[in-house]
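Me: I'm a first-year student, and I'd like a close look at one part of this protein. Could you take me through a place where two helices pack together, and the residues around there?

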Amino acid sequence: MEDYLKDLNPEQREAVEITQGPLLIIAGAGAGKTKTLTYRILHLIQTGVAPSNILAITFTNKAAKEMRERTLSLLRTNRGSGLSLAWDERPFVSTFHALGVHILKENAARLGLPRHFGIFDKSDGKRAVKDALEKMGLDPKQYEPGKIQSVISREKGNFVTYEEYAEAAGGDFFSNIVAKAWGHYEKTLREEKALDFDDLLLRTAILLRDNEEVREHYADTWKYVHIDE
């Protein structure tokens, strides 16, 4: 048994040593899921997997930072235990949104985006929706920009594009207001060479879904994908 495996209980060790095929860990808070994930990354590298072939993603910046630091600390601690890989390589550890930024930047030309596109935060988006309503001749006090922004965000989160939403709006009054405001909002994003936070996931998902070449590239790059929920 490798020395580092002695730090794990039997269930954690079993998960770490399963290196091929899908694996789901269900455990309560404080059970050591993140520890198991980081040790699994170490174990993969110990068994000859290139760090650049490993992806680990989570939801928050805090969680991603913790996972990254714990992973790199483990790798440094075990650097002298027989690893013969290039240590300037690192696993890709990030949030879902940061992963989206990475993929979109690498494929910016395909998407008609500048490589260093801007990113609208919530306040930027609310301002753009308010401007859209004013361009439509509507009073933002009557049609709350935050509410319309929430609808747009929810639809993007459900992987619905502006074009799909506008087509499905039909004769519903409020849906048509949202669709028209959304159209102006997307125009503002294009003019400012920017995406919003929801686009970082939506545009990435569409790119991977529709472009086989891109999808195969990342499937070949990241052969070991970890999600820390």
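Reply: Here's a walk through one helix pair and the residues that go with it. Keep in mind that this is a predicted model.

Let's start with the two helices. Packed helices in general get described by the angle between their axes and by how far apart those axes are. Here the pair is H7, residues 145-157, and H9, residues 173-191. Their axes sit 10 Å apart and make an angle of about 80 degrees. Anything from 65 to 115 degrees counts as roughly perpendicular, so H7 is roughly perpendicular to H9.

So which residues of H7 and H9 make the contact? From H7 you get Lys147, Ile148, Val151, Ile152, Glu155 and Lys156. H9 brings Phe174, Ile177, Val178, Ala181, Trp182, Tyr185, Glu186 and Leu189. Sort the residues of this contact by type and you find 10 nonpolar, 4 charged and no polar ones.

One of those charged residues is worth zooming in on. Lys147 lies over the face of Phe174, at 5.1 Å from the ring centre.

Now click on Tyr185, which is in H9. Is Tyr185 buried or exposed? Its relative accessibility is 3%, and buried means under 20%, so Tyr185 counts as buried. Leaving out residues up to four places away in sequence, Tyr185 touches Ile152 and Lys156, and also Phe120, Gly125, Ala128, Val129, Ala132 and Asp196. There's a long-range link to look at too: Lys130 is 55 residues away from Tyr185 along the chain, yet their C-alpha atoms are separated by 9.2 Å.

Next comes Trp182, another H9 residue in the contact. Trp182 forms an aromatic pair with Tyr165, with 5.4 Å from centre to centre and 45 degrees between the planes, and the pair is tilted. Tyr165 lies in helix H8 (residues 162-168) while Trp182 is in H9, so this pair ties together parts that are 17 residues apart in sequence. Both Tyr165 and Trp182 are buried. If you search the whole structure, you'll find 5 aromatic pairs.

Two residues of the contact, Lys156 and Leu189, lead you on to Asp199. Asp199 is found in helix H10, residues 197-210. Not counting residues up to four places away in sequence, Asp199 touches Lys156 and Leu189, plus Leu104 and Thr204. Asp199 counts as buried, at 3% relative accessibility.

Finally, have a look at the loops that follow these helices. Most residues other than glycine have a negative phi. Phe159, in the loop between H7 and H8, has a phi near 60 degrees, a positive value in a residue that isn't glycine. Phe159 is partly exposed, with a relative accessible area of 45%. In the loop between H9 and strand E4 (194-196) you'll find Lys193. Lys193 isn't a glycine either, but its phi is positive, about 50 degrees.

To pull it together: H7 and H9 pack at about 80 degrees, through a contact with 10 nonpolar and 4 charged residues. From there, Trp182 pairs with Tyr165, and Asp199 touches both Lys156 and Leu189.

Definitions and conventions. Residues are numbered from 1 along each chain as its sequence is written. This is a predicted model: local features need pLDDT of at least 70, side-chain atom pairs count only at pLDDT 80 or more; totals for chains, interfaces and linings use all residues. Side-chain values use heavy atoms; hydrogens and water are left out. Axes are lines fitted to C-alpha atoms, for helices over the stretch in contact, and angles run from 0 to 180 degrees between N-to-C directions. Helices (H or I, at least four residues) and strands (E, at least two) are DSSP runs, numbered from the N terminus. Angles under 35 degrees count as roughly parallel, over 145 as roughly antiparallel, 65 to 115 as roughly perpendicular and the rest as oblique. Contact means heavy atoms within 4.5 Å. Ala, Val, Leu, Ile, Met, Phe, Trp, Tyr, Cys and Pro count as nonpolar, Asp, Glu, Lys and Arg as charged, and the others, Gly among them, as polar. Rings of Phe, Tyr and Trp (its six-membered ring) pair if their centres lie within 6.5 Å; planes under 30 degrees apart count as stacked, over 60 as edge-to-face and the rest as tilted. Buried means under 20% relative accessible area, exposed over 50%, partly exposed in between (1.4 Å probe, protein chains only). A charge sits over a ring if NZ of Lys or CZ of Arg is within 6 Å of the ring centre and within 35 degrees of the ring normal.
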